[in-house]
Amino acid sequence: MRYISTRGKAPVLNFEEVVLTGLARDGGLYLPESWPQFSRDDIRSLAGMSYAEAAAFLLQPFLGDSVAPEDFRAMTKKAYSSFSHDAVVPVSQIGSNEFLMELYHGPTLAFKDVALQLLGLLYDHLLARVGKRVTIVGATSGDTGSAAIEACRGREAVDIFILHPNGRVSEVQRRQMTTVTDANVHNIAVEGDFDDCQAMVKAMFNDHDFRDTLAVSAVNSINWARVMAQIVYYFTVGVSLGAPERPISFSVPSGNFGDVYAGYAASKMGLPIEQLIVATNRNDILSRFFNSGEYRKSGVDPTISPSMDIQVSSNFERFLADLYGRDGDEVAELMEKLDQDGGFSVNMSRLNESIFAAGRCDEEDTSVTIRGTLAHSAKLVDPHTAVGLFVGKKCRKNGKTPLVTLSTAHPAKFPDAVEKATGERPALPKHMADLFEREERLVSLPNDVETVKSFIKDHARILSEA
Ligand SMILES: *Cc1c(COP(=O)(O)O)cnc(C)c1O
């Protein structure tokens, strides 16, 4: 499999290069040149497989010669053995033909573990072969940081530096990051907000000298391997509910458009999906786009579903590329308009054939949905999941098709919002019950990119051992 940039001006890469690079040098994102195809018989055959086997089967075509099939099978087995549920991604029923896909049984209780547990192992495997290291630098507003740290802790080939805004992540989220004390893990609390952290990471990627000497790599969802790993659960859950004999609809709480884009990829690969519902909170750039054709930035409003508080969805560019027949010049032009004019419009006729629907859920409806789901389905859900449930109900057009809402986080990750809505405080699962007693390790640094860069240079093993 070869990978091309959405903007068409960066070198064509293989899987190994794409995983280690992250962002394309022309500013675009990498995409597989074509979608692997799975027949109805292929899809039926998933029914007898474990989650790890299904992942190995579905993802092998993306790897080309970069990873041998037997090595990859061992990797998926190891990655998903860290989940606390044997099904890895179990399904529960919450209503008539309505289901929850429970994506939160991984080590840090959010769906990001599904992809990052595998990505950590891929890094080790690909780097060990060539005897190299990478330095991962990322900014987090909460879930990505802890999932990436958990996936990379103790890995020989990786040093990881995660920037978070000091005092602005929840205590559970902070402790999930800072209580990991492996020597290759570095938590940096920045005296600033999340945008400051993200701007610093961007500046480090744009400093090509810094980027090259430290072999800086990205773990956010611009990395193709993240999206790729998320394709699997659409298939396994779809099959458990009757695909390919009947189509399935999914409602996906969305921020950066990575998770729902993986569902789109699954449909391109042969899974019959009737509706793919993009659910946003009041930061609704995606919902506005799918309903009007206009993609326009507005400010970010903090909500009780903070992992979806984004202004611009980084993965949206991948969808745009398909919408424009992979015409890199057109995509580059639209992205430039976004930069300069704050937005652009797409002719709605381009969207008419698509399986997407979209809607938004405000703060009050999020709380009401958390409360209602506990009352009517005896299930405690987190605020992100509630956004998915609310918008799924609103946009669903056919009650005969199973509607699966992706439950993206464990309620105990957002205990205050859940308690406020229901009066019930969700408990942390057993393996984390002592989170508040564990020792924390972090450094506080000023909001100054040069200071942060020198901290990273001083602690990255790639330099000290060169
Ligand atoms: C990251 C995250 C999302 C948004 O996923 P995207 O792939 O960015 O659209 C939704 N819910 C939770 C809990 C998350 O951590």
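R461 first. It sits in helix 19, which covers residues 461-464. Keep in mind that this is a predicted model.

What does the side chain of R461 reach? It goes to the backbone oxygen of R155, at 3.3 Å. There is a second backbone oxygen to look at, that of V158. A polar atom of the R461 side chain lies 3.0 Å from that oxygen. So much for polar pairs. Now the contacts. Leaving out residues up to four places away in sequence, R461 touches R133, R155, E156, V158, D159 and N184.

Two of those names, V158 and D159, take us to strand 6, residues 158-165. On to the sheet, then.

The sheet is open and has five strands. Which order do they take? Read it as 8-5-6-7-15, with parallel pairing. The edges are strand 8, residues 216-217, and strand 15, residues 443-445. Each of these two pairs on one side only.

Look at the strand 8 end. Strand 5 is residues 134-139, and it pairs with strand 8 in the parallel sense. How many bridges join strand 5 and strand 8? Two. If you want a residue to click on, take T135. Its bridge partner in strand 8 is V216.

Next, the helices that lie across these strands. Helix 6 is residues 143-152. Helix 6 lies across strand 5, strand 6 and strand 7, the last being residues 185-190. Against strand 6, the angle of helix 6 is about 160°.

Helix 18 is residues 449-459. Which strands does helix 18 lie across? Strand 5, strand 6, strand 7 and strand 15. Its angle to strand 7 is about 165°.

Last topic, the ligand. There are 15 residues around it. Which come nearest? K112, D143, G255, N256 and T408. D143 is a number you have just heard, as helix 6 runs over 143-152.

Here are some polar pairs, each with an oxygen atom of the ligand. From K112, a polar side-chain atom lies 2.5 Å away from such an oxygen. From N256, a polar backbone atom is at 2.7 Å. From D259, again a polar backbone atom, at 2.9 Å.

How much of the ligand does the protein bury? Taken alone, the ligand exposes 380 Å², and 96% of that is buried by the protein.

And the make-up of the shell? Five residues are nonpolar, seven are polar and three are charged.

Definitions and conventions:
Residues are numbered from 1 along each chain as its sequence is written. This is a predicted model: local features need pLDDT of at least 70, side-chain atom pairs count only at pLDDT 80 or more; totals for chains, interfaces and linings use all residues. Side-chain values use heavy atoms; hydrogens and water are left out. Two strands pair if DSSP finds at least two bridges between them. Helices (H or I, at least four residues) and strands (E, at least two) are DSSP runs, numbered from the N terminus. Contact means heavy atoms within 4.5 Å. Axes are lines fitted to C-alpha atoms, for helices over the stretch in contact, and angles run from 0 to 180 degrees between N-to-C directions. A polar contact is a pair of N or O atoms within 3.5 Å; within protein, one must be able to donate a hydrogen and the other to accept it, and residues adjacent in sequence count only if both atoms are side-chain atoms. A residue is near a molecule or strand if one of its heavy atoms lies within 4 Å of it. Accessible areas come from the Shrake-Rupley method with a 1.4 Å probe; for residues, only the protein chains shown count as cover. Ala, Val, Leu, Ile, Met, Phe, Trp, Tyr, Cys and Pro count as nonpolar, Asp, Glu, Lys and Arg as charged, and the others, Gly among them, as polar.
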